[in-house]
Each structure stands twice: as C-alpha cells, then as structure tokens.
Amino acid sequence: MSTEASTTTLLGAVNSVLLDAGERGVLNTSSPAASKAKRYLQEAVTEFALMHPWSFLIETNIAQDWAGNIADLGDVIRIYSAWSGTNAWAQASFLNRDEFAARVFNPTALAGTNYQMQFWTQSGYGQCKVQPYPSDFAAQSVTFFKVHKNLYPPQVDTDVFPVPEVYIPLLVLRALCKFAKNALDDAQLYGLSSREYKELLAFHRRADANSPTNSFSMYRH
C-alpha cells in the first residue's frame, strides 16, 4: 500500500462531498452545507484511525517523558509491545494492572544503556508503568514502545489530510454517508454511499493486512 502523503486540502475534500451529494462547490467552508461537510470529514479522520491498525500509523518510539516508572507515550490509540537494550534487545512481558501491582510492590530503577525492562502495563491513556524503570537518559534512550498513533483532522481550508492520498476517497465516502443521512435526509444516497464505503474499507483493510492484528488497546482497561 502506498504511503504517499496526501495533497488534498480540506476545502478540496469538502467540495468532493458536496458535488457527490448534488450540491454546488464552494470557495470556502463558511456556508452551512460546507460547514457540515467539513465536520463530517473531520469525524471521518478520527474514525479512520480507529478502524484498523494501518501500517503508516504503527511506529516504534521512545517515551515522550518519564515520571518515575511511568512512561508518557503521548496521544496513542494502542500499545503493542515494549522492549529495551542495544545489543541484545529484550521484549518485556505485558501484565494487566492487577498482575503488575501484585508483582511490583516497590519499583526499582536502572541506569545506562545496558538497561533491560522486564514487565509493563497500561497506567492511563498513553501511559505505561514499567519494571524496572530507566532512571537516566541513557537508559530511557534504549527503551522502546511499539504504538498505534492517533490522527489529528485538518482544521482550516488549506490544511491537507494526515493520511496517504490513497485513503482520501474513503474519507470522502464516509463524510458523504453522514451528509446524506444527517444533512439531506436522503435514504437512497445514504444507502448507496454506505455500501460503497464498506466495500472500499474492506478492500483497504485487506491490502493493509500485513499490519499487526493483536494489540493492547488504551480503551480496554
């Protein structure tokens, strides 16, 4: 699947939605119809990020910040795994919160690039507790987390979408479904666009099937 960055602006996508709905194109998104199409496109971006572990959203990063044994990973949807080390990387074992609390009474700290993590668990949205935890920058720099990052929808008319260009028709279709149902109350257009959207979504999921399918969701605990 191509990961070419999108060149479609928010205004361009709004006009695609409006034209497909039989409405007139606009020069900005200030009109009521364009404003609704804009909102539906922004909602479509948020939904898209949750629909599948898209390969372009899977990243391996160090933590953004540390507070003792808690790693702050930022705005991520899921955490897949955690590991550490330089020469002999060691993947840490995932424990649920209760198991982690039962096994880790007093968190311990290790320093240096020879640091290795044993266990990790979710401790909040975008946060992990680890044992032992890296106590200096050298250890933190060899502590990695594989995550499913979130997406931020475009806000102004000239913003481009934070997805590869190949997914723009999918977002337009999703917004068209919402527009047909909520703005036009057009059951026929909604039915047609909804079926086309589901077919295209299934196609993209199959095409991106090399992405991981197992995960620990930030919403499960």
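Start by selecting Tyr40, which lies in helix α2. Helices here are DSSP runs of H or I with at least four residues, strands are E runs of at least two, and both are numbered from the N terminus. Before going on, a word on what you are looking at: this is a predicted model, where local features need pLDDT of at least 70, side-chain atom pairs count only at pLDDT 80 or more, and totals for chains, interfaces and linings use all residues. Residues are numbered from 1 along each chain as its sequence is written, and side-chain values use heavy atoms, with hydrogens and water left out.

**Stop 1: around Tyr40**

Is Tyr40 buried or exposed? Its relative accessibility is 4%, so Tyr40 counts as buried. The cut-offs are these: buried means under 20% relative accessible area, exposed over 50%, and partly exposed in between, with a 1.4 Å probe and protein chains only.

Now show the neighbours of Tyr40. Leaving aside residues up to four places away in sequence, Tyr40 touches Ala175, Lys178, Phe179, Asn182 and Ala183. A contact is a pair of heavy atoms within 4.5 Å. For a distance to try, pick the C-alpha atoms of Tyr40 and Gln155: they are 12 Å apart in space, with the two positions 115 residues apart in sequence.

**Stop 2: ring pairs**

Keep Tyr40 on screen and add Phe179. The structure holds nine aromatic pairs, and this is one to look at closely: the ring centres of Tyr40 and Phe179 are 6.4 Å apart and the planes stand at 80°, so the pair is edge-to-face. Tyr40 in helix α2 and Phe179 in helix α5 are 139 residues apart, and the pair links these distant parts of the chain. Phe179 is buried too, with a relative accessible area of 1%. Rings of Phe, Tyr and Trp (its six-membered ring) pair if their centres lie within 6.5 Å; planes under 30 degrees apart count as stacked, over 60 as edge-to-face and the rest as tilted.

Next, select Phe48 and Tyr167. Their ring centres are 5.0 Å apart and their planes at 55°, so this pair is tilted. Phe48 lies in helix α2 and Tyr167 in the loop between β11 (143–149) and α5, so the pair ties together parts that are 119 residues apart in sequence. Phe48 has a relative accessible area of 3% and is buried, and Tyr167, at 1%, also counts as buried.

Add Trp54 and Phe56 to the selection, and you have one aromatic cluster made of Phe48, Trp54, Phe56 and Tyr167. What else does Phe48 touch? Apart from residues up to four places away in sequence, its contacts are Trp54, Phe56, Leu151, Val163, Tyr167, Leu170 and Leu171.

**Stop 3: the cores**

Select Leu41, Phe48, Phe161 and Val163 together. These residues have the most contacts inside the largest nonpolar core, which has 37 residues. Such a core is a set of buried Ala, Val, Leu, Ile, Met, Phe, Trp, Tyr and Cys residues joined through side-chain atoms within 4.5 Å. Colour α1 (10–20), α2 (32–51), α5 (168–183) and α6 (187–207), since each supplies at least two residues of this core. The biggest share comes from α5, with ten residues. Then move to a second, separate core of 16 residues, which includes Ala71, Ala82, Tyr115 and Val147.

**Stop 4: helix α1**

Go to α1 and highlight Leu10, Leu11, Ala13, Val14, Asn15, Val17 and Leu18, which are buried. The buried residues of this helix pack against α2 and α5. Asn15, at 15% relative accessibility, counts as buried; beyond residues up to four places away in sequence, Asn15 touches Gly25 and Val26. Just after α1, look for Gly22, which takes a positive phi of about 85°.

**Stop 5: cysteines and the whole chain**

Select Cys128 and Cys177. Cys128 is buried, with a relative accessible area of 0%, and Cys177 is buried at 2%. A search of the whole structure for disulfides (pairs of cysteine sulfur atoms within 2.5 Å) finds zero.

Finally, zoom out. The protein chain has six helices and twelve strands, and its C-alpha atoms fill a box of roughly 65 × 30 × 30 Å, taken along the principal axes. Buried residues make up 46% of the 221 residues.
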